Structure formats: structure tokens, C-alpha cells
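Trainee: I should like to go through this structure by question and answer. May we take its cavities, cores, strands and unusual backbone positions in turn?

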Amino acid sequence: MKVLYISSTHAGMHSHSIYYDLMQNFKEKGHDVTIAYAREKRLDLPTKMYHEKGLRYLGIKTGNISKNKNMIEKGISTLTIDSFFKNSIKKYLGGESFDLVLYSTPPITFIKTIQYLKKKSPKGVFYLMLKDIFPQNAVDMDLFAEDALIHKFFRKKEKKLYAMMDVIGVMSERNQEYFKTHNPEFENKVVVLPNAITIQDPKEKQFSRSDYGLDEDKVLFVYGGNLGKPQNIPFVVACAKAMESIEGVSMVICGSGANQFLIEDYIKENNPKNLQYLGQLPKDKYDEIVHHSDVGLIFLDERFTIPNYPQRVLSYLEAKLPILCATDESTDVGLMAVEHGYGFSVISPDVDDFIKKVIILKNDFNLRKEMGLKGYDYLIHNFTTDHAYDIIMKGLNR
């Protein structure tokens, strides 16, 4: 079977991640896999076709979207990326048809590209991996109003994309409920397709905590990922500040984003003794930080009405860490952690409840170990690429 995966980002296209692992799984099961992905302008790389580790890649030069603080440039890049992809796919892959086309959001704007591919692959199955429900998430974050013209514009594109897809995979049960409620005309297309990875054997640790200025003797809470509006960085800072009064704990933050300056400013002004910000690390370094940590952290803004499910959960489960989720009431990421015994859930922005859970986890090594093992077991039985592959293949037979 010929498989084409379309991604608007370069992140996670060449190493251990939910997307790379899934494509490798397809390849190992005998399929011919091509990945068409965005090479943003800031990377200074041309559009190019090449092969690596058994996968065929088409890197497509586009405008800057991710980690872009210039909202005008980001908006233009989001609107033009569709044309860049269509034209490049037509040039490099125009003579081919595909049995399965996988496409992950964000963004939702690849209408021309999908239309072109449907004409070239009339018998192919088009499968949307819905990781981001836009434009509603932008409304939740007060980026624009629900009755604004821009919302109506993107909502129309969203509906058009859903209509073009044969199967729509969402990340959790709450996501499925939300989708069916707000898009009932497409409810027969939607299935639960959780984020998934291929579990890696633990690597020998190359460094100690002290190499990164981290205290060896404290219970280390780690957060890794985007540092933008969706993560409610003011709340993250408030939690770090409250943890200052607790002996024997520390927090390390890895990642970058539009609101990372709030963390940087807090550290500069207060010189906290139990908070380290390491910035954006290479994937292998970040993974080692996680394996050196004791508890994984999830933060989501309380205003969200859409049920997000951050993929960084999987890296915590793989490292056998308990998870402390501080989220909105819409998502089920924290509820699942509690239900299956691998973590705690608090509602953002309740700092007091967050600190209560921090103290429990700090004081009980056996509980941390038990939760970590339960999380790893849940990962093995629910969040592997073998599970995702089977779900996708069932979708082809619908």
C-alpha cells in the first residue's frame, strides 16, 4: 500500500515522536511511505525530495508558522501553506496515486492540497488525524470572537475539510463527544485514534542532573513543550512561586513559545532556588531530562472548551513518571490519569490544589513509583503505534 503523510511542521519528522514512529510502523509492515512536511523559512532549507531510514521525504519550503510571535506573518503563512504544498506535491509526486493519505492538523487550511490529491488518488482513503480543533481553540483563547468574520471564514474551511475526509481520528473519548456535538453531520466519520509512540528501550544516561544545574537531592517536577497562551504560563509561574515554600522539590521547564518571557522575567527578577528554565533542547537531551525527573507536569488554560490531549503525556508515561495535570474542565487528560492510577488532576488555575498534590507526590516515593508503573502499563496497552496502526487499518475497511 502506498501511504502519504502530510504535516505542516518539521518537528518530529525524523526522530522518535508520535508521527515518525507511526510512519516507521507502516514501513515495517511493508508499506511504501512518503512524508510531505513543511520546512519553514526560518530553517533556510530548500524544497527537496530525499530518502532517510527507509522513508521517502518531500521537504517543502513554506512561510513561518510555528513559534512565530508576528501574528500577521503567521496568519499569511497559514493561508499560503496550502498552495506551497499543492504545487510541490504536483511537481514532485504528480505522477503518483496513493492508497492512504494521512493528514494531521493543525492547520485546517490544506483544502487545495487535499482536493488535488483526491483527483490523483480517486480510490484512496483520506484520513484526518485531528490534533487541534481550530478555530474554536482561538475563540477560547480570546484571539477573536465567535461572531467575527475571521471565525466564520475558518469555520467554513474547517467544515469543508471534514467533508473531504473519509475518516476523522480524534485523540480521546471527550474529543469524540465534542466533535459529534459540534459537527453532527460528520459523526459517522469520527473514531478515537489516541496519540501513540513506539516504546524505546531506556538509553544509558549520559549526564547527571548537576550537569544542568539541577539538584540531585530534590523531587524534580518536569514540564516540557510549548510555552504559549494554551499553557497558561502566568499560572505555571504562580505554581513555581508557590513551590518555593516547599523544601525538597524543584521544577525544570524545557521548551519555547510566545510567553516564555514570563518565565525568563520571573527568574531574572526573583532568582528562585527551585526553578530552572533550560529553553528548547534537542529531542535526545529533553528525553534524558525527563528520565532524570520524578513527576511530569501538564498545564492547560482553564478557558478551553475543546478537549486537548497533549502528546507530551506519552514521554512521561514512557519514562515511568506519575503525571500531575493542571487543566481546564473540558479535557479528559487528567481524568484518565486519575481513573487509571497514573496521576493527579487539578483544575487550572487552582494553585492551592496544585500544591497539595505536589506535597503528596513529594512525600511518597512508593506512590510515585506505583503511579509510574501503572502509567507505563497503560501506555503499553493503549498508546503504542501498533494500536494506532490497527485503528487506522480498520478505518480503511469502513
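The exchange below treats those topics one after another.

Mentor: This is a predicted model, in which local features need pLDDT of at least 70, side-chain atom pairs count only at pLDDT 80 or more, and totals for chains, interfaces and linings use all residues. Residues are numbered from 1 along each chain as its sequence is written, and side-chain values use heavy atoms, with hydrogens and water left out.

Trainee: How many cavities of 30 Å³ or more does a search of the whole structure find?

Mentor: On a 1 Å grid over the protein atoms alone, a cavity is a set of points where a 1.4 Å probe fits but cannot get out. Grid points are joined across faces, edges and corners, and a volume is the space filled by probe spheres set on the points. With the threshold at 30 Å³ or more, the number of cavities found is two.

Trainee: Which helix gives the most to the lining of the largest cavity?

Mentor: The largest cavity holds about 70 Å³ of space, and its lining residues (an atom within 4 Å of a point) include Ile18, Tyr19, Leu22, Thr385 and Ala388. Helices are DSSP runs of H or I with at least four residues, and strands are runs of E with at least two, numbered from the N terminus. Helix 1 (18-28) and helix 14 (385-396) each supply at least two lining residues. With three residues, the greatest contributor is helix 1.

Trainee: How do the residues lining the second largest cavity divide into nonpolar, polar and charged?

Mentor: This cavity has a volume of about 30 Å³, and its lining includes Leu130, Lys131, Asp132, Met171 and Asn308. Ala, Val, Leu, Ile, Met, Phe, Trp, Tyr, Cys and Pro count as nonpolar, Asp, Glu, Lys and Arg as charged, and the others, Gly among them, as polar. The division is five nonpolar, two polar and two charged.

Trainee: Which helix gives the most to the largest nonpolar core?

Mentor: A nonpolar core is a set of buried Ala, Val, Leu, Ile, Met, Phe, Trp, Tyr and Cys residues joined through side-chain atoms within 4.5 Å; buried means under 20% relative accessible area, exposed over 50%, and partly exposed in between (1.4 Å probe, protein chains only). Of the 90 residues in the largest core, Phe26, Leu102, Phe221, Leu324 and Phe354 touch the most other members. With seven residues, the leading contributor to this core is helix 7 (residues 233-243).

Trainee: How many residues are in the second, separate core?

Mentor: Ile81, Phe98, Tyr162 and Val170 are among the members of this second core. Its number of residues is 39.

Trainee: Which residue in strand 4 is the bridge partner of Glu40?

Mentor: Two strands pair if DSSP finds at least two bridges between them. Strand 2 (residues 32-40) and strand 4 (residues 55-62) pair in the parallel sense over seven bridges, whereas strand 3 (residues 48-52) and strand 4 pair in the antiparallel sense over five. Within strand 4, the partner of Glu40 is Thr62.

Trainee: Why is strand 13 (residues 323-327) described as largely enclosed by the rest of the structure, and which residue in it stands opposite Ile298?

Mentor: Five of its five residues are buried, so strand 13 is largely enclosed. Ile323, Cys325 and Thr327 are buried on one side, and Leu324 and Ala326 on the other. Strand 12 (residues 295-299) runs parallel to strand 13 and is joined to it by four bridges. The residue opposite Ile298 is Cys325.

Trainee: What is omega for the cis peptide bond that joins Phe134 and Pro135?

Mentor: Most residues other than glycine have a negative phi, and most peptide bonds are trans. Pro135 lies in the loop between strand 6 (125-130) and helix 4 (136-140). For the cis bond from Phe134 to Pro135, omega is about 15 degrees.

Trainee: Is Asp44 buried or exposed?

Mentor: Asp44 is found in the loop between strand 2 and strand 3. Its phi is positive, near 55 degrees. Because its relative accessibility is 63%, Asp44 counts as exposed.

Methods: 1 Å grid on protein atoms, 1.4 Å probe; cavity = no way out; pocket = protein on both sides within 12 Å on 5 of 7 lines; lining within 4 Å.
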